[in-house]
Amino acid sequence: MFIKNKICEKCQKGYDNHLDYCPHCKENNQTRDRKRFEGVTYYEFWRQIIIFVIGAFLLSVVATIISAIFSSFDLNELKATAIINFLTYAIVFVALLLSLLPEYRPLLKSFKGYKPYVFALAGLGAILMFNYVYLTIIGLIYPISDNANESAINSIVPMYPILSILIFGIVGPLVEEMTYRLGLFSFFKRINTILAYAITMIIFALIHFDFYSFTSGTYINELINLPSYLAAAFVLTFLYDKFGFASSSLCHIANNMLSIMMTIIMSLLPENVL
């Protein structure tokens, strides 16, 4: 069973034994298996489902609504895409924060101390190392380029650098970490750890995959880029599982920030230098 209830010794009310403390009186849960659950931040199972639904499905719904609203405006495709992305992530981020009310304590607790920041940097190094080795080897076999997801972001960043840093660099990673680690992974971790890793990694990688590539003929490039997302998904999930929400979030933010800053720098260089 993925839900194991216990009776609080202080208030005598029942609650989910996966939680760090009793949600009724805030008494610490002394019987929780610390070794097994290590860095995972647990909420009630229904709240985990809500977090995932908001992050995964509301994202598409909000994007569709905003796209319909701005379709009547005279905007070029790139500007419209930027506005849709910025507004969508901002709205979903607020919705996710509201879904966590008033239980911020377990989340904020993971940012204490220096370890989350050290582990985040180690995770970033692992992601960069994998991408360097993998893309170098693949580049010798097949001419690879950015996938649709990266290409779209790289086009938007030079136009709106500040908003890109805020949304793509900070808000976006936090939305994805709450959705796929705090919500999806934590829920399935209750059932089975290997299953939780597999589902989280696959879904995380696929949300960055352009399924329209099968009709546009660019699917090979999308498929070649997929292992990079799977590797990043594994590193982020591992960081969350072992060291907490702060580690995976900080690593995700650092990875996105590095990419954004490189794009901004490249856009400022004279064309003859590129």
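**Exercise 1. Describe how helix 10 and helix 11 are placed relative to each other, and name the residues through which they touch.**

Solution. The axes of helix 10 and helix 11 come within 6 Å and cross at roughly 155°. Because angles over 145 degrees count as roughly antiparallel, helix 10 is roughly antiparallel to helix 11. On the side of helix 10 the contact is made by Leu 236, Leu 239, Tyr 240 and Phe 243, which meet Phe 245, Ser 247, Ser 248, Cys 251 and His 252 of helix 11. These statements, like those that follow, refer to a predicted model.

**Exercise 2. Place these helices within the secondary structure of the protein chain.**

Solution. The protein chain has 11 helices and 2 strands, and, read from the N terminus, its elements follow the order β-β-α-α-α-α-α-α-α-α-α-α-α. Of the 274 residues in the protein chain, 42% are buried. Among contacts with a separation of 6 or more, 71% join residues that lie 24 or more positions apart.

**Exercise 3. Work out how helix 7 is oriented against helix 10 and against helix 2.**

Solution. Begin with helix 10: its axis and that of helix 7 come within 11 Å and cross at roughly 65°, which makes helix 7 roughly perpendicular to helix 10. The crossing of this pair, helix 7 and helix 10, is right-handed. Glu 177, Arg 181, Leu 182, Phe 185, Ser 186 and Lys 189 are the residues of helix 7 that take part, and they meet Ala 233, Leu 236, Thr 237, Tyr 240 and Asp 241 in helix 10.

Turn next to helix 2, which packs with helix 7 at an angle of about 140°, the axes being 8 Å apart; helix 2 and helix 7 are therefore oblique to each other. Helix 2 passes helix 7 in a left-handed crossing. The residues that helix 2 brings to this contact include Phe 45, Gln 48 and Ile 51, while those from helix 7 include Met 178, Leu 182, Gly 183 and Ser 186.

**Exercise 4. Decide whether Ser 186 is buried or exposed, and list its contacts outside the nearest stretch of sequence.**

Solution. Ser 186 lies in helix 7. Its relative accessible area is 0%, so Ser 186 is buried, the cut-off for a buried residue being under 20%. When neighbours within four places in sequence are left aside, Ser 186 is in contact with Val 40, Thr 41, Tyr 42, Gln 48, Arg 181 and Tyr 240. Of these partners, Gln 48 belongs to the helix 2 side of its contact with helix 7, and Tyr 240 to the helix 10 side of its contact with helix 7.

**Exercise 5. Identify which residues touch the most other members of the largest nonpolar core, and which elements supply that core.**

Solution. The largest nonpolar core holds 49 residues, and Met 178 and Leu 182 touch the most other members. Two or more residues each come from helix 2, helix 3, helix 5, helix 7, helix 8, helix 10 and helix 11. Helix 7 gives the most, with 10 residues. Not counting residues up to four places away in sequence, Met 178 touches Ile 51, Phe 93, Leu 96, Leu 97, Leu 100, Gly 183 and Phe 245. In soluble globular proteins, nonpolar side chains tend to be buried together.

**Exercise 6. Characterise Asn 76 by its location, its accessibility and its polar contact.**

Solution. Asn 76 is found in the loop between helix 2 and helix 3. Because its relative accessibility is 45%, Asn 76 counts as partly exposed. The side chain of Asn 76 reaches the backbone nitrogen of Lys 79 at 2.7 Å.

Notes
Residues are numbered from 1 along each chain as its sequence is written. This is a predicted model: local features need pLDDT of at least 70, side-chain atom pairs count only at pLDDT 80 or more; totals for chains, interfaces and linings use all residues. Side-chain values use heavy atoms; hydrogens and water are left out. Helices (H or I, at least four residues) and strands (E, at least two) are DSSP runs, numbered from the N terminus. Buried means under 20% relative accessible area, exposed over 50%, partly exposed in between (1.4 Å probe, protein chains only). A polar contact is a pair of N or O atoms within 3.5 Å; within protein, one must be able to donate a hydrogen and the other to accept it, and residues adjacent in sequence count only if both atoms are side-chain atoms. A nonpolar core is a set of buried Ala, Val, Leu, Ile, Met, Phe, Trp, Tyr and Cys residues joined through side-chain atoms within 4.5 Å. Contact means heavy atoms within 4.5 Å. Axes are lines fitted to C-alpha atoms, for helices over the stretch in contact, and angles run from 0 to 180 degrees between N-to-C directions. Angles under 35 degrees count as roughly parallel, over 145 as roughly antiparallel, 65 to 115 as roughly perpendicular and the rest as oblique. A crossing is left-handed if the near helix is turned anticlockwise from the far one by less than a right angle, and right-handed if clockwise.
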